[in-house]
Amino acid sequence: RYWTLAKRPPPPWPDADTFEIRGAPIPSPGPGQALTRTIYVSLDPYQWGYKRRGVEPEGAPCHARTVAQVVESRIDGLSPGDFVFCTNGWAEYGLMGEGVPRPGYMVPRKLDPAQGRISQAVGVLGMLGLTAYAGMILQCDPRAGDTVVVSAASGGVGQIAGQLARMRGARVVGIAGHPDKCRYVVEELGFNACVSHLSPTFADDLTAACPTGVDVYFENVGGPVFQAVLPLFNPGARMTICGLISHYGDEGGDAGAAERAAAEARGVHVQNLFVGNYVESHHDAFLAEVAPWVASGEVRYREDIREGFEAIPAAFADMLKGANFGKTLVRIAPD
Ligand code: NDP
């Protein structure tokens with residue numbers, strides 16, 4: 001079984017009729033391929049952009065990064081029972097290896113379960129960890145004494161980005177939705193403060209939490225959240241545009257153009273971020289550095305794991321609306 005788009009174009013945000021389940025025979029692996037059974041489906045904001053822009057062929061399984069277990073292998077060094085990172089999408093089974101279409105930078109790999117929970121291969125020990133590392137450490141280079149602000153602070157990327165800045169000695173301020181998320185960010189992740197963008201006093205709360213202004217802003221959201229950060233930038237501030245989830249339901253336009261122009265007008269050094277540019281050059285080094293911190297608990301990571309294949313569309317909509325808590329994924333088979 002797999003989930004596919006039931007209608008195109010979908011509405012600004014997915015609803016109960018946006019997706020449908022279809023069936024297909026389980027494929028046999030050709031030379032250089034393996035058949036895998038999906039265990040975890042990663043649900044990420046960019047997937048909504050794929051669907052709205054029509055990147056996926058009509059009737060094809062919805063794209064997603066996945067953690068899966070090998071059922072049958074014609075790939076050297078890969079055996080039945082091995083766990084892998086791959087891109088099966090919202091589907092119970094998939095092929096990996098030669099000739100299987102996938103985004104170029106999402107390179108399938110065998111997982112080492114000793115390195116961490118296998119679910120983390122689509123989170124802190126995978127592309128989301130690398131995203132946070134590339135944006136925060138490589139692009140923004142936070143230092144002791146800096147005030148660093150991270151939006152969507154309790155999410156898949158935000159929780160890591162903030163902890164990496166904290167470990168550099170910066171003063172870290174999160175922005176999140178529900179007050180429970182803000183409490184988690186301060187009490188569990190060790191941010192210095194966290195303010196809720198849902199509060200009517202949000203802009204004032206953020207100003208109070210940043211008494212010496214903002215030196216680094218890790219942008220996951222855009223829109224009104226960005227507008228509250230804008231007046232607080234110090235001269236020479238750095239900003240990474242990692243994502244702009246508040247715009248992902250917009251029709252057309254250049255998401256982020258307004259944010260970039262406004263920040264640059266204040267003298268902020270703005271950089272765009274695309275994790276795919278860092279996979280080949282930095283993934284292995286990142287993993288070697290960060291995996292021990294995750295194992296020791298120095299970097300903590302909350303996952304929001306939903307259960308069952310049928311739960312995927314609702315979990316996806318929840319994640320887009322902020323009704324998730326941590327990195328969102330769905331377990332569709334026992335791990
Ligand atoms: P999250 O786990 O953070 O989930 C999305 C969160 O965004 C929600 O939980 C919600 O948190 C927040 N949110 C949603 N809508 C709004 C809104 N209108 N205003 C304010 N907050 C909102 O997702 P990820 O960690 O996977 O992704 C975070 C960002 O990173 C996204 O923008 C994504 O596109 C981007 N990204 C970019 C990559 C790159 O290569 N540049 C790679 C990977 C991710 P809350 O309840 O706290 O508001």
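Leaving aside its neighbours within four places in sequence, with which residues is Pro45 in contact? In this predicted model, the contacts of Pro45 beyond that window are Gly243, Ile245, Tyr248 and Leu320. Pro45 itself lies in the loop between strand S3 (33-42) and helix H1 (46-52), and it counts as buried because 20 C-beta neighbours are found inside 10 Å, the number at which a residue is taken as buried. A further relation across the chain is seen with Met319, which is 274 residues away from Pro45 along the chain, although the C-alpha atoms of Pro45 and Met319 are separated by 7.6 Å.

The overall form of the protein chain was then considered. The secondary structure comes to nine helices and 15 strands, and the C-alpha trace spans about 60 × 40 × 30 Å along its principal axes. For 335 residues, a compact globule would be expected to have a radius of gyration near 20 Å, and the value of 20 Å computed for the protein chain agrees with this. Buried residues account for 48% of the 335 residues. When contacts between residues at least 6 apart in sequence are taken, 66% of them join residues at least 24 apart.

The protein chain is divided into domain 1, which consists of residues 2-123 + 301-331, and domain 2, which consists of residues 127-276. The C-alpha centres of domain 1 and domain 2 lie 28 Å apart, and the contact between them takes 14 residues from domain 1 and 16 residues from domain 2. On the side of domain 1 that touches domain 2, the residues comprise seven nonpolar, four polar and three charged.

In soluble globular proteins, nonpolar side chains tend to be buried together. In the present model the largest nonpolar core holds 97 residues, of which Val41, Val149, Ile160, Ala161 and Val229 touch the most other members. Helix H2 (residues 127-140) gives the most to this core, contributing eight residues. Because domain 1 and domain 2 both give residues to the core, it lies between them. For Val229, the contacts found when neighbours within four places in sequence are left aside are Val149, Leu206, Val214 and Tyr217; among these contacts of Val229, Val149 is also one of the residues that touch the most other members of the core.

The ligand is surrounded by 32 residues, and the closest of these are Gly155, Gly156, Gly177, Gly243 and Gly322. Helix H2 and strand S15 (327-331) are the elements that give two or more residues to this shell. By class, the shell divides into 15 nonpolar, 14 polar and three charged residues, and at least three of its residues are drawn from each of domain 1 and domain 2. Gly243, one of the residues closest to the ligand, is also among the contacts of Pro45.

Helix H2, which appears both in the core and in the shell around the ligand, also contains Leu138. Leu138 is partly exposed, because 16 other C-beta atoms lie within 10 Å, and its C-alpha atom is separated by 27 Å from that of Lys181, which is 43 residues away along the chain. Asp141 is placed in the loop between H2 and strand S8 (147-151), and it is exposed, as 12 other C-beta atoms lie within 10 Å.

Most residues other than glycine have a negative phi. In Asp141, however, phi is near 45°, a positive value in a residue other than glycine, and phi of Ala152 is likewise positive and near 45°. Ala152 is found in the loop between S8 and helix H3 (158-167). In contrast to Asp141, which is exposed, Ala152 counts as buried, because 27 C-beta neighbours are found inside 10 Å.

Another proline is found in a loop, namely Pro101, which lies between strand S6 (93-97) and strand S7 (109-110). Pro101 is exposed, since 9 other C-beta atoms lie within 10 Å, whereas Pro45 counts as buried. The C-alpha atoms of Pro101 and Arg302, which are 201 residues apart along the chain, are separated by 31 Å.

Technical notes
Residues numbered from 1 in each chain as written. Predicted model: local features only at pLDDT ≥ 70, side-chain atom pairs only at ≥ 80, totals over all residues. Core = buried A, V, L, I, M, F, W, Y, C linked by C-beta atoms within 7 Å. Helix = DSSP H or I, 4+ residues; strand = E, 2+ residues; numbered from the N terminus. Domains from an automatic or database assignment. Contact = placed C-beta atoms within 7 Å. Near = placed C-beta within 6 Å. Nonpolar A, V, L, I, M, F, W, Y, C, P; charged D, E, K, R; others polar. Rg over C-alpha atoms; globule rule 2.2 N^0.38 Å.
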